[in-house]
Amino acid sequence: MYRHTKFRRRRCSSSGSPGARAGRRSSLALTPEDEPLVDVTNRSPPPANIPTALIYSPPEPLELLCVFPERTSRVCAAACSAVERAGGEARSLRCARETLDALRRDNDTRVPHVIVVDARQPQQLDALLLARAIRGTKNTQHVYLIAIVKKSAYLKDEFGVLAYLEAGFNRVMVETVNTTAWCAEVLQARSSAACSRAQIAATAALAAAADRCRDLVAITDDQQRILLTNKSWCRMLGWRLEEGPRPIHEAAGGEALRLATTGARDWEAPVTLRRRAAPDPIMLPCRGATIGLTKTTSHIVFVCEPSAGEGDRGRGSLHSIRRGSLDVRSVASDGLRRTSLAKLQGLPLEAPITKVISLLSAATEGAPPSTVACIERAVDMLRTSELYSPQMRDETKLRVEDPIATDLIGALLSREQVNQNLVYMQGNANVLSSRRSSNDSTVVRSQTNRTNIKHKTTGQLRELLDTALSWDFEIFRLEDLTRGRPLAHLGLALMGGRFDVCAALECDERTLLHWLTVIETNYHAVNTYHNSTHAADVLQAVAYFLEKDRLKNLLEPVEAAAALISAAAHDIDHPGTSSAFLCNARHPLAILYNDVSVLESHHAALTFKLTLNDDRVNIFKNLDRDTYKTVRHHVIDMILATEMTKHFEHLAKFVNVFYAKSSGSKEDGMHTDEPLSLDTTALSQPENVLLVKRMMIKCADVSNASRPQKFAMEWARRIAEEYFLQTDEEKAKDLPVVMPMFDRATCSIPRSQIGFIDYIIIDMMEAWAAFIDMPELVNHARSNNQHWRELDEAGVTTLADVKRVQRQNAIQAPPTTTAEPTTEE
Ligand SMILES: Nc1ncnc2c1ncn2[C@@H]1O[C@@H]2COP(=O)(O)O[C@H]2[C@H]1O
């Protein structure tokens, strides 16, 4: 966010706004703070803002130097006499050498305002050569140079003056011996010379100020050639101070340059600067302005803030900090901003995204325009804070053709859903039905006294649990056999058995059993979907994934344990309604978590609350502090990763890290006709392993759509029922309806599934399936999709329709007997 603000672009800003003014101010102040900015041109600052006092020239005695080869020249005499009349002083010399000697000698003391050169006799005095030599002499830029020519020569060639002007003359004048004419001429010349002397002096003062800035300053002409750089610039980039004009592109690139050269008036954007002594360019925040006295640009100013450790060695020293904190300017808002930024710059912070932008910007150097355009677009995207926020592909088509899918995907992915639909309820705190009432203070209804589970897994249950690591595990049969307590049984079989979580956590099996029991008890059996069968299903999927070679070789036992714990607890105390519903209803959980990740925060928090609440349940009690912290971190991270509003964020990160982009791939790197090429080298970094774990639990959480058809269908029926119940409740309580299309009377379940698989499942499962080498994930998803399409065409719509199809399928399938429960309490 900080970077975003810092690099915020203010293209063609309204120059009169206080913000615009504050932003334009810099340590090199070009305009006085109290001077109003006038928005009269499209350049900044407009000429009216150059303070008159800065270029004011007090009247001073006129000094004239005449260079006439002929000692008795009447023209020269008239000029000298006019100067004396005007109260000034005149000297005359006869040749170029004398003139240049005098100028060099008197350089600091008696530089004349006006030099008149006799150009009538080129064979005696080469006026053009002399003019060039004078201009090449130090401190003569302001001197007003007049060439005297014969009238015949003057009138002969209408462009004849050009040669004189190019040589450095300011004016070409026809010879005259009229003293009055001379008087007028020299007075005008003095004024002009004095004026340019004052302007040059003012420029020198500003250049001196720039030299004393910590910021790197460069000023270019309208051709983007650098005309002036300050000492910081030279020091940091390894330039010499006296370096002549050179194209800014040789030194700088990036967004700042793009804005500068595309007509932006003032801007804040990153600039990449090439250092002569170092191979890598640096990227700095840059403020810039386009200057021009008329509508055309004359100069472009770049002011780049060096980051900590770069540039001024004094920065960050006690001395400089103290100086900064006592600075009166720091009480002004702009001063405050700069002071706090300076402090931030002192911190050892650098986001990887900064480096990425810097590298990309550097890559534009010398690249063809089409490449530059692509890179700049990419940099623009990278700079937004909404880097991974979902952007639906083909959104219009989806909206037009399938409002149900739009409704579902929108509700799952959109963070704005709540606010958009928010309708104020007056004094209606208890808007949740008793069916789902929950909050942090009421749900701690630990079942730890019920420790007498005799986990006799005999007969059918044992047989079933023996298949717990197959992808077509009969989860609903487990639900039946355990009378709605599948989690404890499956958890014990997988966590206690196959994965030996007890060894990893150094706890006994009894504690694990108590923990599973407490966790399962805190799922709402009344929910059709978000109940402990769903938790068991997700646990089973995670266990299945953990068995894959890629993960087996990757995760430590304690990490695998954390993954299984997360899966088992990831939806604990789910009320059967979405976070959006809770926010709209002003539920205590929404208040507690500020409408942000409400359910997931609650699931994670409650998991730890219940676990730590009772020693008999506390599977973490024997862990040392560091291991506990690590496990806690992993569990929280994985549970929070199940939040669907961050779906694309997690998916995009995973794909970006583990898949090399193939040449034909589209911008997001996911939707490409060419096969993605898996690259697992990034697994050596722990932060990337975190991405794997997030992806694992995410895929497990929605794996129902990638299960064999009969399971997928039952899960679809269950989630649809839960959605319908939410809509019923929203309508009954006059709450905003989060998914209006999910009305039991009208909603097409097949179409909701087609949308879900198309927009959520396929991309994600493709990425995950290739990573863990499990093609059946994608195969099942595709075949389920096809099946839903066929049902849709066959007119299957409602829950009743789906149930009818399920019954028909069951009759066709070989019968399965529902076993008597064998678990005793
Ligand atoms: N088969 C499905 N059809 C539609 N939505 C689903 C399906 N499976 C999971 N979901 C949604 O995906 C969400 C994943 O996170 P939750 O478990 O919180 O809630 C889940 C449901 O809202």
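In this predicted model, the largest nonpolar core holds 128 residues, among which Leu539, Val542, Ala563, Leu564, Ala568 and Ile761 touch the most other members. Helix H33 gives the largest share of this core, with 14 residues. Leucine 564 illustrates how the core is joined: leaving out residues up to four places away in sequence, Leu564 touches Leu494, Met495, Phe499, Val501, Leu539, Val542 and Ala543. A second core, separate from the one just described, has 40 residues and includes Val143, Tyr144, Val149 and Trp182.

These cores belong to a protein with 35 helices and 14 strands, in which buried residues make up 40% of the 825 residues. Among contacts with a separation of 6 or more, 70% are between residues 24 or more positions apart.

The annotated positions can be taken next. According to UniProt, in an unreviewed entry, the feature "binding site" covers His534, His570, Asp571 and Asp701. Although these residues span 168 residues in sequence, no two of their C-alpha atoms are more than 9.9 Å apart, so they gather at one spot.

Aspartate 571 lies in the loop between helix H25 (557–569) and helix H26 (579–584). Aspartate 571 counts as buried because it has 24 C-beta neighbours inside 10 Å, where 20 or more are required. Apart from neighbours within four places in sequence, its contacts are His530, His534, Ala535 and His603, and one of these, His534, is itself listed by UniProt under "binding site".

Another of those contacts, His530, is the residue that UniProt lists, again in an unreviewed entry, for "active site". Histidine 530 is found in a loop as well, the one between helix H22 (509–521) and helix H23 (532–546), and is buried, since 24 other C-beta atoms lie within 10 Å. Beyond its neighbours within four places in sequence, histidine 530 is in contact with Asp571, His574, Gly576 and Glu722.

Aspartate 701, by contrast with these loop residues, has its place in helix H31 (residues 686–701). With 21 other C-beta atoms within 10 Å, aspartate 701 is buried, and, residues up to four places away in sequence not being counted, it touches Val538, His570 and Thr642. His570 is thus both a contact of aspartate 701 and a position covered by the UniProt "binding site" annotation.

The model also contains a ligand, around which there are 15 residues, with Val702, Ala705, Ala716, Ile719 and Phe756 coming nearest. Helix H16 (403–413), helix H32 (709–732) and helix H33 (749–772) are the elements that give two or more residues to this shell. By class, the shell is made up of nine nonpolar, four polar and two charged residues. Helix H33 therefore appears in two settings, as a contributor to the shell around the ligand and as the source of the largest share of the largest nonpolar core.

Helix H32, for its part, has 24 residues and reaches 34 Å from its first C-alpha to its last, which is close to the 34 Å expected at 1.5 Å a residue. Aspartate 728 lies in helix H32 and is partly exposed, with 15 other C-beta atoms within 10 Å. The C-alpha atom of aspartate 728 is separated by 8.5 Å from that of arginine 744, a residue 16 residues apart from it along the chain. Helix H32 is followed by aspartate 734, whose phi is positive, near 55°.

Note on methods: Residues numbered from 1 in each chain as written. Predicted model: local features only at pLDDT ≥ 70, side-chain atom pairs only at ≥ 80, totals over all residues. Near = placed C-beta within 6 Å. Helix = DSSP H or I, 4+ residues; strand = E, 2+ residues; numbered from the N terminus. Nonpolar A, V, L, I, M, F, W, Y, C, P; charged D, E, K, R; others polar. Buried ≥ 20, exposed ≤ 12 C-beta atoms within 10 Å, placed from the backbone. Contact = placed C-beta atoms within 7 Å. UniProt positions renumbered as here; feature names shortened; annotations may be inferred. Core = buried A, V, L, I, M, F, W, Y, C linked by C-beta atoms within 7 Å. Expected span 1.5 Å × (residues − 1).
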